[in-house]
Amino acid sequence: MKNLLAGASAGVIALFAVGSALAQDLPGKFDGVTIDAKLIGGQQYEKLYARIGEWEAATGAKVNVISKKNHFDLDKEIKSDIAVGALNWCVGSNHSSFAPQYPGIYTDLAALLPKEEIDAFVDANISASTLDGKLVMLPRAQFDVSALYYQKSLYADEDNKAKFKEKYGYDLTPPDTWQQVTDQAEFFANPPDFYGTQFAGKEEAINGRFYEMLRAEGGEYLDADGKPAFNSEAGVRALNWFVDLYKAKAVPAGTTNYLWDDLGQGFASGTVAINLDWPGWAGFFNDPGASKVAGDVGVVAPPKGSSGARTGWSGHHGFSVTENCENKKAAASLVWFLTNEDSQKQEAAGGPLPTRDAVWDWVIAEASDDPFRKEVLQAFQEAAKGAYPVPQSPSWIEISNAVYPQLQAAILGDKTPQQALDDAAAEATEILQDAGEL
């Protein structure tokens with residue numbers, strides 16, 4: 001068998017000599033080159049950037065981070081750059097939900113990196129990163145699908161168990177349905193000191209959550225003809241989940257202004273019982289130096305809606321290189337370095353899910369002797385089984401920007417859920433018509 005493998009390896013080396021040489025050359029030498037970068041910022045993303053100094057030392061190049069913002073603000077900045085013709089930077093953070101808006105501004109990374117490096121990624125992530133035949137971004141170890149974090153001690157408390165059973169007629173266990181989430185969030189809430197749950201209430205964040213709640217209720221966001229269809233009975237049921245919890249004061253009053261970092265810090269503060277969130281927070285939540293709930297964190301798969309389907313909106317982060325970049329090879333080298341096996345292991349060690357096959361194998365092996373990581377991995381593997389992307393429309397973000405204020409209006413009581421969804425559907429239809437998608 002060794003001889004067979006050796007012979008096969010020799011054949012591969014001979015067949016792909018050029019590609020292998022290039023792979024061995026990575027990260028390369030780029031003395032005197034400066035790469036301007038625009039990166040996503042946030043607790044779960046920052047640790048990776050410490051590796052930039054290693055890339056600089058290895059290549060002789062420098063990285064100038066000219067912007068670091070949450071992805072919603074970064075997206076607005078990129079749109080502004082496009083509008084004024086200021087795409088003179090090289091590397092930018094990207095996301096599978098945002099990428100379809102502007103595939104033309106990013107170069108094809110498949111033409112700049114060895115095929116064997118690209119083949120090392122999970123096929124589905126590479127497919128989702130490829131638009132119009134161009135690999136517009138290289139995925140980092142930030143494959144996002146949500147699972148439910150909860151404070152274990154709340155569920156172990158005998159007094160809580162007895163009172164909950166008396167009030168709701170079933171045992172207090174980590175929720176498996178969204179109706180159970182509602183019951184338990186209202187049960188645990190003690191505002192303003194403690195809340196049952198929370199949600200990100202603006203930007204694409206709430207539109208994405210609404211989208212997956214809609215799917216779990218058996219509805220669809222866009223119909224088979226691409227027309228908005230979320231102003232349905234299923235849509236009203238989905239939106240009412242947000243409305244009812246806000247009205248019951250089971251969520252913080254400021255939740256309509258929350259984004260992902262607010263949710264992470266909120267759960268880590270120990271003032272929230274249940275939190276649907278991304279895998280990147282797992283290590284932070286269980287870190288005694290950062291989190292008040294460390295050692296008390298449980299994780300289960302996302303709950304099911306009335307259709308029997310679990311919520312499962314997903315996507316992944318990555319890095320792209322602009323077509324206007326003066327040194328695309330250096331920029332591609334940086335993108336490769338921030339997504340290579342070592343980088344993905346560093347990110348995945350904190351909880352995020354990797355996008356390289358070999359790192360998946362490593363994560364599974366590492367989790368075998370770590371009960372918490374094993375629990376996290378099992379929950380997110382179950383979540384990933386039913387995961388799905390946002391509607392594949394270049395107008396998704398523009399639609400989100402029109403829809404989320406309507407969702408907020410319903411949550412705050414300024415409109416009925418049906419009125420808010422009807423108004424949102426009308427705006428979304430106009431956006432799609434203007435874009436030539438309808």
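**Overall fold and selected local features**

The chain comprises 20 helices and 10 strands. Its radius of gyration is 23 Å, close to the 22 Å that the globule rule gives for 438 residues, so the chain is as compact as a globular protein of that length. These values, like those that follow, refer to a predicted model. The C-alpha trace spans about 70 × 55 × 40 Å along the principal axes of the chain. Of the 438 residues in the chain, 55% are buried.

Among the individual positions examined, Ile126 is located in helix α7, which covers residues 123–128. The relative accessible area of Ile126 is 14%; because this value falls under the 20% cut-off, Ile126 is classed as buried. With respect to Glu323, Ile126 is separated by 197 residues in sequence, and the C-alpha to C-alpha distance between the two residues is 19 Å.

On the surface, Glu398, Glu427, Glu430 and Asp434 together form a negative patch. Helix α20, spanning residues 417–434, supplies the largest share of this patch, with three residues. Glu430, one of the residues of the patch, is situated in helix α20. A relative accessible area of 48% is computed for Glu430, which is therefore assigned to the partly exposed class, since this class lies between the 20% limit for buried residues and the 50% limit for exposed residues. The two positions thus fall into separate classes, Ile126 being buried and Glu430 partly exposed.

Note on methods: Residues are numbered from 1 along each chain as its sequence is written. This is a predicted model: local features need pLDDT of at least 70, side-chain atom pairs count only at pLDDT 80 or more; totals for chains, interfaces and linings use all residues. Side-chain values use heavy atoms; hydrogens and water are left out. Patches are made of residues with over 30% relative accessible area and no salt bridge: like charges are joined within 9 Å, nonpolar side chains (Val, Leu, Ile, Met, Phe, Trp, Tyr) within 5 Å. Accessible areas come from the Shrake-Rupley method with a 1.4 Å probe; for residues, only the protein chains shown count as cover. A salt bridge is a side-chain nitrogen of Lys or Arg within 4 Å of a carboxyl oxygen of Asp or Glu. Lys and Arg count as positive and Asp and Glu as negative; His and the chain ends are not counted. The place of a charge is taken as NZ of Lys, CZ of Arg, CG of Asp or CD of Glu. Helices (H or I, at least four residues) and strands (E, at least two) are DSSP runs, numbered from the N terminus. Buried means under 20% relative accessible area, exposed over 50%, partly exposed in between (1.4 Å probe, protein chains only). The radius of gyration is taken over C-alpha atoms; the globule rule is 2.2 Å times the number of residues to the power 0.38.
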